[in-house]
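Q: I have a model open on my screen and would like a close look at one part of it. Could you walk me through that part and how it sits among its surroundings?

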Amino acid sequence: MSIKPAHLLIAILWILLMVAAVAMPAFGSFPDRAPTMKSVAVYYLENGMAQTGALNIVSTIVWDYRGYDTLGEVTVLFTAAIGVSAILRKVGEA
Amino acid sequence: MLSIIVRTISKMMYLFMILYGFYIIVHGHLTPGGAFPGGVLMVSPIVLLTLAYGIKKIKQERREIELAEVLETDALIAILGVFLFTVLIAKVMPRELLLTGSPGTLASGGPIPLLNFGGGLEVTAALAIIFLSMVFMKKGWRHEH
């Protein structure tokens, strides 16, 4: 069995993934950040209710801060439903 | 078709299941939940009734097939239109102009309740279409007017 380019590609990808897995922070530890440069998650937690007025922080992030991402998500679901309906339909029937 | 116990209980409970899913959707900006879990909860009575009564019995019901067709042809496009319309409203209007209750009340959260509602209906319609298509659209199913 000869070594094909696909095998080489898989090996390189595997090595990169292993390096990335080793470089991850330990399980359960929160990554250290300086208090002056706050992460965006801390910003959402501190300003989410004051800016939108909704109590559920998940809904705030999903529908407000990242609304276009959720619109794309719903469009994917729409496409899935249309696809299933189109594939399972008998040919020539409305 | 399952036993008469399952059939009776599912016939009694399916409206309450729809109501619970609707509650999850409407209170999406206050409590955990929202459009996606609420939509799945609103679809679950359809799956339950189909399991309890069997595909053959459900297929005999003309209204069910017509309901599936209405869902496929009209409702999803209309609901996506409503969803896009609410997105446009939400992005055009400032957050201060729409549903400005104090946090914790039902009419608060700006565009988020409207988006939850539209998204919930869209998820409900999409999952119902997928399920009903897989149930109904098999060999031998005829489209009759």
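How many residues of chain B are in contact with chain A, and how many residues of chain A do they meet? Please take a close look at helix α5 of chain B on the way.

A: Happy to. Please keep in mind that this is a predicted model. In the contact between the chains, 31 residues of chain B meet 23 residues of chain A. On the chain B side, the elements that give two or more residues are α4 (62-92) and α5. Of the elements on that side, α5(B) gives the most, with 11 residues. By residue type, the side of chain B that touches chain A has 15 nonpolar, 13 polar and three charged residues.

Let's set the scene before zooming in. Chain B has five helices and zero strands, and its elements run α-α-α-α-α from the N terminus on. Buried residues account for 34% of its 145 residues. Among contacts in chain B between residues at least 6 apart in sequence, 72% join residues at least 24 apart. Chain A has four helices and zero strands, in the pattern α-α-α-α along the sequence. Here buried residues make up 17% of the 94 residues.

Now for the helix itself. α5(B) covers residues 112-136, which is 25 residues. At 1.5 Å a residue, a helix of that many residues should span 36 Å, and the end C-alpha atoms are 35 Å apart, so the two values agree. How enclosed is this helix? Of its 25 residues, 19 are buried, so α5(B) is largely enclosed by the rest of the structure.

Much of the picture comes from the nonpolar residues. In soluble globular proteins, nonpolar side chains tend to be buried together. In this model, the largest nonpolar core has 20 residues. Those with the most contacts inside this core are A:Leu77, B:Val123, B:Ala126, B:Ala128 and B:Ile129. The elements that give two or more residues to this core are α4 (67-88) of chain A, together with α1 (4-26), α2 (35-53) and α5 of chain B. The largest share, eight residues, comes from α5(B).

Apart from this core lies another, of six residues, and among them are A:Ala54, A:Trp63, B:Ile112 and B:Leu115. Three of those names return where α5(B) meets helix α3 of chain A: A:Trp63, B:Ile112 and B:Leu115. Helix α3(A) covers residues 57-65, and its axis comes within 10 Å of that of α5(B), crossing at roughly 85°. The two helices are therefore roughly perpendicular to each other. From α3(A), the residues that take part are A:Ser59, A:Thr60, A:Trp63 and A:Asp64, and they meet B:Ile112, B:Leu115 and B:Asn116 in α5(B). Sorted by type, the residues of this contact are three nonpolar, three polar and one charged.

For a last stop on chain A, try A:Gln51, which is in helix α2 (residues 40-52) of that chain. A:Gln51 has 15 other C-beta atoms within 10 Å, so this residue is partly exposed. The C-alpha atoms of A:Gln51 and A:Ala21 are separated by 37 Å, with the two residues 30 apart along the chain.

To gather this up, α5(B) is largely enclosed by the rest of the structure, gives the most to the side of chain B that touches chain A, and has the largest share of the 20-residue core.

How values were computed. Residues are numbered from 1 along each chain as its sequence is written. Chains are lettered from A and ligands numbered from 1 in the order in which they are written. This is a predicted model: local features need pLDDT of at least 70, side-chain atom pairs count only at pLDDT 80 or more; totals for chains, interfaces and linings use all residues. The expected span of a helix is 1.5 Å times one less than its number of residues. A residue is buried if 20 or more other C-beta atoms lie within 10 Å of its own, exposed if 12 or fewer, and partly exposed in between; C-beta atoms are placed from the backbone. Axes are lines fitted to C-alpha atoms, for helices over the stretch in contact, and angles run from 0 to 180 degrees between N-to-C directions. Angles under 35 degrees count as roughly parallel, over 145 as roughly antiparallel, 65 to 115 as roughly perpendicular and the rest as oblique. Two residues are in contact if their C-beta atoms, placed from the backbone, lie within 7 Å. Ala, Val, Leu, Ile, Met, Phe, Trp, Tyr, Cys and Pro count as nonpolar, Asp, Glu, Lys and Arg as charged, and the others, Gly among them, as polar. A nonpolar core is a set of buried Ala, Val, Leu, Ile, Met, Phe, Trp, Tyr and Cys residues joined through C-beta atoms within 7 Å.
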